[in-house]
Amino acid sequence: MNVITKTVQLPDGRTISIETGKVAKQADGAAVLRLGNTVLLATVCAAKEAVPGTDFMPLQVDYREQYSAAGRFPGGFTKREGKPSDEEILTSRLVDRALRPLFPSDYHCEVYVQVMLLSADGVDQPDALAGFAASAAMACSDIPFDYTISEVRVARVNGEYVVNPTFQQMAEADMDLMVGATKDNIMMVEGEMKEVTEQDLIAALKVAHEAIKPMCELQDELARELGTDKKREYDDEVNDEELRTQVKGLYQQVYDVNRQALEKHARHDAFDKILADFLEAYDAAHADLAAEELDEKHAEAARYYDDVMRDAMRRCILDEGLRLDGRATTEIRPIWCEVSPLPMPHGSALFQRGETMSLSTCTLGTKLDEKLVDGVLNRSYQRFLLHYNFPPFSTGEAKAQRGVGRREVGHGHLAWRGLKDQIPADFPYTVRLVSQILESNGSSSMATVCAGTLALMDAGVPMKKPVAGIAMGLIKNPGEDKYAILSDILGDEDHLGDMDFKTTGTKDGLTATQMDIKCDGLSFEILEKALMQAKAGREHIMGEMMKTMSEPRAEMKPQVPRIVAIEIPKEFIGAVIGPGGKIIQQMQEDSGATITIDEVDGVGKVQISAPNKDSIDIALGKIKAIVAMPEVGEVYDGTVKSVMPYGCFVEILPGKEGLLHISEIEWKRLESVEEAGIKEGDKIKVKLLEVDPKTGKYKLSHRVLIEKPEGYVERERRPRGDRRPRRDGDHRPHRFEHRDNDFSGEE
């Protein structure tokens, strides 16, 4: 084995090693990355030839975590890893977005990148290392690849920027960014923040880029040592330069369509007609070609035409400042909002910006509705869920809607990150937002944020601050100083432009961001200008939203289940639950409410939910009775639990019993408890006289609550064992006389 190991240090001194040549040697490239006890294996394989007719980069990235990495068994019946979790999909997307732009534009062979988590101790976060491992595997192969990249996570902990922080450090962070970059340029950014400024985000990106540079240099050195810096030859495109020149002749027609500011479908129809007319004329001029050859020429012409459309759109913006829909570069499309368009959801809202519309609904549930996240290194519960759906009809496509795709998971996660910190931590409900995209022409994820904010407020969720989102674009041709930053981009401006930069935030700062850069040489100056232009756009969008609804509803809708949350001392949790859950189940049956209880930070967190207030009041009363502490001097309606020769035990509060001594039942002397007519299960009113400081036992009395007989005299009490004669003689008490008290008068 020709094993080669390279190492690089993080800014805090921790070491990352890259090893190749020991395992997975039949893959085109393989690398084992290690940081502490965290180990990842990345492999890459590429087909030798492209599938005929492929005109895109068929890259597939899969990141998977093995439960054995943390010494755990998978959940479920089969006890083996199944389909990828949302977290694995999101990490796969992060790696894909950084790698994809760096393949040669004319390389179309299928490429499969697989990254596996093999070992983890829960200290270091493996998702931040997946991009580095994947690029290292590429560097170990001869697959054509323009640049090496790496990814790092940057967090701000107590005001300091930390590269690849541990799980423990993340608990105190107010910024969580994943950054992918080459040695020269930032390519991808995604993360969440707690209302930080644009300047804070720029500073974090600079820290990330400085950490990435030596990682890229390590991979370049590794490739040179392996000899894989010389990449394989390929010929995936057949080009007809004469045909390319003819298609370029359509430039002016395309440019003129751009200047007409047509709506989406009309614009696409106009572009399609230009190409269709050209192909019709081409077919007539080349009638001698076979049908199969003509089909190949049509595919080539379509590829060249895409370049023409790209160039025309970019020149129209750079030279005239005119966008596809006629807007200026900083102009936001018209906005229209409506709250409560649906009668039965707990909250609902429509948000439309240009030709993009989201219908968002909010559902409020109990603790039982929380989502269990059962990952390899993360087992927790989520109380705020956001699901994003993108049906084909939203873009006018005639196709079936299948399961949830990676794109839907990624867009929903970005919107979730933008909103989640604005829901108060003490809000007792579990919250689910669902965004249905009804129309789409650019930035439906940001429409989800806006519609989601309105739906949350419509449901009465007491948001800290409303959140708005915007997508920014960039047009910058290589070798030119001129560039244009576009606010609120269209779908075509995303596809044909150089940047898709989404930001969400409140009036006081950023809450989430996602950026994909497709050009080289994006300076931090341009990035900062884009951020400030995005801030102005967000403020405009927020203003339009606030015209529809400016604050959460004061009262929730009648169909929303009512929830009351209380805290109880830790030692009473068992008393509320009861043996085998007997007590809490009985309380739920008696009240009709749902009761959940958990211990959090040494306190019992109780949540009571029911469709009406009466049920909640009944359950709340029962719980308060259990956790209440009896007070000396208070009168209680007790229940006789057991009868003894010397008295009876009375339950004054649930689980709390005291002794009602036979001498405290009535004012007269009793020979037995039964003489007073008391039996087990009877209700009796008692007063708490005292609590024994040593044993905590309760001393009760009933006689103090009834009228004292006329002429009653309290006898002098003597210490136990004192057999001295009484002061009034040595006679014994009459059998009708109380052993501690005398009645005066005739017998």
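This passage describes strand pairing, salt bridges and a nonpolar surface patch in a predicted model.

An open sheet is built from 5 strands in the order β11-β12-β13-β17-β16, and its pairing is mixed. Strands β11 (335-339) and β16 (384-389) form the edges, each pairing on one side only. On average, and with direction ignored, neighbouring strands of this sheet are turned by 15 degrees against each other. Within the sheet, β13 (residues 356-365) and β17 (residues 430-439) run antiparallel and are joined by 9 bridges. One of the residue pairs at this junction is formed by M357 and its bridge partner in β17, E439. Helix α9 (residues 406-419) packs on the sheet, where it touches β16 and β17. The direction of α9 makes about 140 degrees with that of β16.

A second set of pairings centres on strand β10. Of the 11 residues in β10 (residues 186-196), 9 are buried, and the strand is thus described as mostly covered. Strand β9 (residues 173-181) pairs with β10 in the antiparallel sense over 7 bridges, and the two strands form a hairpin with 4 residues between them. In this pairing, D176 has E192 of β10 as its bridge partner. Strand β10 is also joined to β21 (residues 509-517), again in an antiparallel arrangement, by 6 bridges. Here the bridge partner of E190 is Q514 in β21. In general, strands of a sheet pair through backbone hydrogen bonds, either parallel or antiparallel.

Charged side chains from this region take part in a wider arrangement. Residues D176, E190 and E192 belong to a network of salt bridges that also includes R97, D127, R153, R417, K420, D421 and D516. Residue R417 lies within the range of helix α9 (residues 406-419), and D516 within that of strand β21 (residues 509-517).

In total, the structure holds 63 salt bridges. In one of them, the side chains of D598 and K367 meet at 3.3 Å, N to O. Because D598 lies in strand β23 (residues 594-600) and K367 in the loop between β13 and β14 (371-374), this pair ties together parts that are 231 residues apart in sequence. D598 is partly exposed, with a relative accessible area of 31%, and K367 is likewise partly exposed, at 27% relative accessibility.

Distant parts of the chain are also linked by D637 and K685, whose closest N and O atoms are 2.7 Å apart in a salt bridge. D637 is located in strand β25 (residues 635-644) and K685 in strand β28 (residues 683-691), 48 residues apart. D637 has a relative accessible area of 59% and therefore counts as exposed, whereas K685, at 41%, counts as partly exposed. A further salt bridge joins the side chains of K502 and D500 at 2.6 Å, N to O. Both K502 and D500 are buried.

On the surface, V635, V704, L705 and I706 make a nonpolar patch of about 270 Å². Residue V635 falls within the range of strand β25 (residues 635-644), the strand that holds D637. L705 is placed in the loop between β29 (698-701) and β30 (712-714). The relative accessibility of L705 is 33%, so this residue counts as partly exposed.

Definitions and conventions
Residues are numbered from 1 along each chain as its sequence is written. This is a predicted model: local features need pLDDT of at least 70, side-chain atom pairs count only at pLDDT 80 or more; totals for chains, interfaces and linings use all residues. Side-chain values use heavy atoms; hydrogens and water are left out. Patches are made of residues with over 30% relative accessible area and no salt bridge: like charges are joined within 9 Å, nonpolar side chains (Val, Leu, Ile, Met, Phe, Trp, Tyr) within 5 Å. Accessible areas come from the Shrake-Rupley method with a 1.4 Å probe; for residues, only the protein chains shown count as cover. A salt bridge is a side-chain nitrogen of Lys or Arg within 4 Å of a carboxyl oxygen of Asp or Glu. Buried means under 20% relative accessible area, exposed over 50%, partly exposed in between (1.4 Å probe, protein chains only). Two strands pair if DSSP finds at least two bridges between them. Axes are lines fitted to C-alpha atoms, for helices over the stretch in contact, and angles run from 0 to 180 degrees between N-to-C directions. Contact means heavy atoms within 4.5 Å.
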